[in-house]
Amino acid sequence: MIETLKRIKSEDFIISLGYNLPPHAMRKLLIRTDEHERFCQEYGFGSITDDILRNYVSELMQEFSVGSKFPYDATLAFIAVCLESSSSTLAKEFLSDLSKLKLSEMSLCINVAKISLMENRKLPQLKSKEFIYSRESPPESHMDRPYVSAGSSPVVMPPGTVFKEHPLAA
Amino acid sequence: MFEHYLLIRTIKELKLDTRQGEPIENSIAPSVQDSQRKRDELIEREHPQWVRRKDTCGVYNCAGHVWAARRTAIYNTEEWDKIIEHDGYKEIQQEAVQPGDLALYLDESGEALHVGVIISIKLLTKGGQPQPSLLSKWDDSSGEFVHLYSDVHFRNLNIEYNIKYYTDREDWQND
C-alpha cells in the first residue's frame, strides 16, 4: 500500500490531530499537515489513482458499525480536504456523496465534506470538447471556415475561430 | 462511492430551539470506542494540570455541553453564533467574568475552535488579570476536564487563538 495512505489511517496520524475541532477549523488544520501536501502531489501525479482511492475508501468503510464512532472519521475528512482542490470526477463524486450521508458515526468527515464540496464548486470549471477533423469534404458554402466534427456531428466553426492549445492540456 | 450508506440514516436529533424559537441543528453522538479512549488518555497526559471530571463519552460535544445540557452535539459553528445572538449573550472583558459565563475560543481568522463554561476565577497577583478555570468537553468523544483558560489542547497543534468571553447576566453593563 502507498505510504501516505497507510499513514493517514494510522493511529499515530489520527492522534496527532488531537481532539476534533469544529468542521471549519478542522479543515484548516488538515490543510496544514505535511500529509496534505504529500497526498495532493501523489494524487495529482497519479501515484494515487482513482481506483486505488476507491478501494482504499471501501476498505475503510468495512470498519463502519452502526452505533459506534467510525474509527476512520478523521481519515475520510482528510481525503475530503485533499480532494477539494481537484476537478476529477472521483473528487466530485466523493465530496458530493459523503456530504449527503446522514450518519452520526461519521459526523466529522460529513461536516468537513460539506465545506470541501463548497470549496470544490468554486474551482474554475474546465469544460472540454473533443474535435475530430472531418475526413469528408466540407460543403462548398463552408470552404472559407474551419470545418471539424465533434464526435459524429459535423460542426462548422464560426469565421475567425482560432485553435489554441489549452494551457492545462500541456 | 458511498451508495450503500446513502440508504442508511442513523442521525438522531433533539428538538432544540434558540430562545427566539429558531431550530438548532444537532446530532446525538454515538458511543465511543477504545481508540477514542486511548486518544483521550494520551492527550490528558500532555496536560498534567487538567483535572478529569468525567470519563470519555459520546452523546455531546463542547457546544452540546454548554447549550444542550449534555444531551446532544452541536457541530456547526454557525449554530453557535445563532445561539449567542438569539439567547442574549453579551461579550465581556476577562476582568468581568464570573462562574457560569462562557469562553469562546477563536482562531486567528475568527473561526470558532471551542466553547467552555467558566467555573472558577483565581486572582494570582493583587490587581492582576483574573485567571478563569473552565469545565470543557473537548469533542464528541472526549471526557470532561477542568482546566485553566490558557491550558487548551489546540495549543499543542500550534494554533493561534483568541478568547472571547460572554455572559447571559442581564444586569451586566459594558463600560
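These are my notebook entries on cavities, pockets and aromatic contacts in the structure above, which is a predicted model.

**Entry 1: enclosed space**

I searched the whole structure for closed spaces and got 1 cavity of 30 Å³ or more. I noted a volume of about 140 Å³ for the largest cavity. I then listed its lining, which comes to 17 residues. Closest to the cavity centre I found A:Asn20, A:Leu21 and A:Pro22 from chain A, with B:Asn61 and B:Tyr75 from chain B. I also asked which element gives the largest share of this lining. That is helix α8 of chain A, residues 107–121, with 3 residues. By class I counted 10 nonpolar, 4 polar and 3 charged residues in the cavity lining.

**Entry 2: the largest pocket**

I turned to open spaces next. The largest pocket holds about 420 Å³ of space. I have 23 residues lining this pocket. Those closest to the centre are A:Ile110, A:Asn111 and A:Lys114, together with B:Glu25 and B:Asn76. In chain A, I found that α3 and α8 each give at least two residues to the lining. The largest share is from α8(A), with 6 residues. I sorted the lining of the largest pocket into 10 nonpolar, 7 polar and 6 charged residues.

**Entry 3: the second largest pocket**

For the second largest pocket I wrote down about 260 Å³ of space. Its lining has 18 residues, and nearest the centre are A:Ile14, A:Pro71, B:Ser35, B:Gln36 and B:Arg39. I checked which elements supply at least two lining residues each, and the list includes α2 and α6 of chain A as well as α2 (34–45) of chain B. The classes here are 7 nonpolar, 6 polar and 5 charged.

**Entry 4: an aromatic pair within chain A**

I counted 16 aromatic pairs over all chains. One of them is A:Phe13 with A:Phe78, an edge-to-face pair with ring centres 5.4 Å apart and 85° between the planes. I looked up where the two residues sit: A:Phe13 is in helix α2 (residues 11–16) and A:Phe78 in helix α6 (residues 73–83), both of chain A. They are 65 residues apart, so I recorded this pair as a link between distant parts of the chain. I found both A:Phe13 and A:Phe78 buried.

**Entry 5: an aromatic pair between chains**

I then took up A:Tyr19 and B:Trp138, which form a stacked pair at 6.3 Å centre to centre, with 15° between the planes. Why does this pair join two chains? A:Tyr19 is in the loop between α2 and α3 (23–31) of chain A, while B:Trp138 is in the loop between β5 (131–137) and β6 (144–148) of chain B, so the contact runs from one chain to the other.

Are these two residues buried or exposed? The cut-off I used for buried is under 20% relative accessible area. A:Tyr19 has 0% and therefore counts as buried. B:Trp138 has 3%, so I entered it as buried too.

I followed the pair outward and found A:Tyr19 and B:Trp138 in one aromatic cluster with B:Trp50, B:Tyr105, B:Phe145, B:Phe154 and B:Tyr161.

**Entry 6: a charge over a ring**

Last, I looked at a lysine and a tyrosine in chain B. I found B:Lys137 over the face of B:Tyr60, at 4.8 Å from the ring centre.

Terms used
Residues numbered from 1 in each chain as written. Chains lettered and ligands numbered in written order. Predicted model: local features only at pLDDT ≥ 70, side-chain atom pairs only at ≥ 80, totals over all residues. Heavy atoms only, no water. 1 Å grid on protein atoms, 1.4 Å probe; cavity = no way out; pocket = protein on both sides within 12 Å on 5 of 7 lines; lining within 4 Å. Points joined across faces, edges and corners; volume = space filled by probe spheres on them. Helix = DSSP H or I, 4+ residues; strand = E, 2+ residues; numbered from the N terminus. Nonpolar A, V, L, I, M, F, W, Y, C, P; charged D, E, K, R; others polar. Phe/Tyr/Trp six-rings, centres within 6.5 Å; stacked < 30°, edge-to-face > 60°. Buried < 20%, exposed > 50% of the residue type's maximum accessible area, 1.4 Å probe, protein only. Lys NZ or Arg CZ within 6 Å of the ring centre and 35° of its normal.
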